Amino acid sequence: MNRAEPATIQVSTEGDSFSRQWKSMFPGDKAPRLAFDTEVAIFFHVLIAKGCPNLGFQGLGVDPDKRLVYGVVAPARPSAGACLDIAGSQSFVVGVDRSRIPRGTVTFRVLREFQLCSDCGREGEQVEIEL
C-alpha cells in the first residue's frame, strides 16, 4: 500500500528529497540506497484497469529528440479476460542511471501518452527537471 495520487509522477535527483518522498509514500518501509551522483529516482503512479493483473511496469522509455522520459506499462503475458472500466493506482519506483537520460531540461511523464482526459487535470502526469 502507498499514499500516492493516481496518474502522477515525482522525480528525485538527490537523497534528501528521495527520502522524504519515500517516507510519505511508504511509511515504515526502509528506502533503498541509490547513488544520486549517477542515478535519478522516478516514482511512477500508473492507473491500471481492474481485471488487468498482467499489466506491469516493463521499463523506461526515452525519446531524446523530445527530451522525454516515460514509463512503459504492458502485459507481462496475454490476458484471458477483459479489463474493466474501474482502475486503481499502481506505483513503481525506479532508479535510473543518469547516462540513459538526456541532459538539460527533461520532461518526465507517467506514460508516453497522457492517461487522463484533457479536462480531468493533467498537472501531476508530468514534471520538468533540469539535469
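Helix α1, which spans residues 15-25, holds four buried residues, Phe-18, Gln-21, Trp-22 and Met-25, where buried stands for under 20% relative accessible area, exposed for over 50% and partly exposed for what lies in between, computed with a 1.4 Å probe and with protein chains only. Because these four cover an arc of only 100° around the axis, they sit on the same side of α1; the arc is taken from the directions that run from the helix axis to the C-beta atoms. The other side of α1 carries Asp-16, Arg-20 and Lys-23, which are exposed. The helix itself, like the strands named below, is a DSSP run, with helices (H or I) of at least four residues and strands (E) of at least two, numbered from the N terminus.

The model is predicted, and for that reason local features need a pLDDT of at least 70 and side-chain atom pairs count only at pLDDT 80 or more, while totals for chains, interfaces and linings use all residues. Residues are numbered from 1 along each chain as its sequence is written, and side-chain values use heavy atoms, with hydrogens and water left out.

At the start of α1, a side-chain oxygen of Glu-14 comes to within 2.8 Å of the backbone nitrogen of Asp-16. Further along the helix, Arg-20 is exposed, with a relative accessible area of 54%, and its C-alpha atom is separated by 9.8 Å from that of Ala-31, a residue 11 positions apart from Arg-20 along the chain.

Two of the buried helix residues also take part in an aromatic pair. The rings of Phe-18 and Trp-22 have their centres 5.9 Å apart and their planes at 45°, so this pair is tilted; rings of Phe, Tyr and Trp (the six-membered ring of Trp) pair if their centres lie within 6.5 Å, and planes under 30 degrees apart count as stacked, over 60 as edge-to-face and the rest as tilted. By this rule there are 6 aromatic pairs. Phe-18 and Trp-22 are 4 residues apart in helix α1, which means that about one helical turn separates them. The relative accessible area of Phe-18 is 2%, and that of Trp-22 is 12%. Both belong to one aromatic cluster, which is formed by Phe-18, Trp-22, Phe-26, Phe-36 and Phe-43.

After the helix, the chain enters the loop between α1 and β2 (39-49), where Asp-37 lies. Asp-37 counts as exposed, at 67% relative accessibility, and from C-alpha to C-alpha it is 9.7 Å from Gly-15, although the two are 22 residues apart in sequence.

Seen as a whole, the protein chain has 1 helix and 7 strands, and from the N terminus on its elements follow the order β-α-β-β-β-β-β-β. Of its 131 residues, 37% count as buried. Among contacts between residues at least 6 apart in sequence, 67% join residues at least 24 apart, a contact being a case of heavy atoms within 4.5 Å.

Val-106 shows such contacts from the side of a single residue. It has its place in strand β6 and counts as buried, at 0% relative accessibility. Leaving aside neighbours within four places in sequence, Val-106 is in contact with Arg-67, Val-69, Ile-101, Val-127, Glu-128, Ile-129 and Leu-131. The C-alpha atoms of Val-106 and Val-69 are separated by 7.3 Å, while the two residues are 37 residues apart along the chain.

Arg-67, one of these partners of Val-106, is found in the loop between β3 and β4 (68-75) and is partly exposed, with a relative accessible area of 29%. Its phi is positive, at about 55°, although Arg-67 is not a glycine. Most residues other than glycine have a negative phi.

What remains is a link between charged side chains. The structure holds 1 salt bridge, defined as a side-chain nitrogen of Lys or Arg within 4 Å of a carboxyl oxygen of Asp or Glu, and in it the side chains of Asp-63 and Arg-112 meet at 2.9 Å, N to O. This pair links distant parts of the chain, with Asp-63 in strand β3 (residues 55-63) and Arg-112 in the loop between β6 (105-111) and β7 (126-130), 49 residues apart. Asp-63 counts as buried, at 12% relative accessibility, whereas Arg-112, at 30%, counts as partly exposed.

Notes
Polar contact = N/O pair within 3.5 Å; in protein donor to acceptor, adjacent residues only side chain to side chain.
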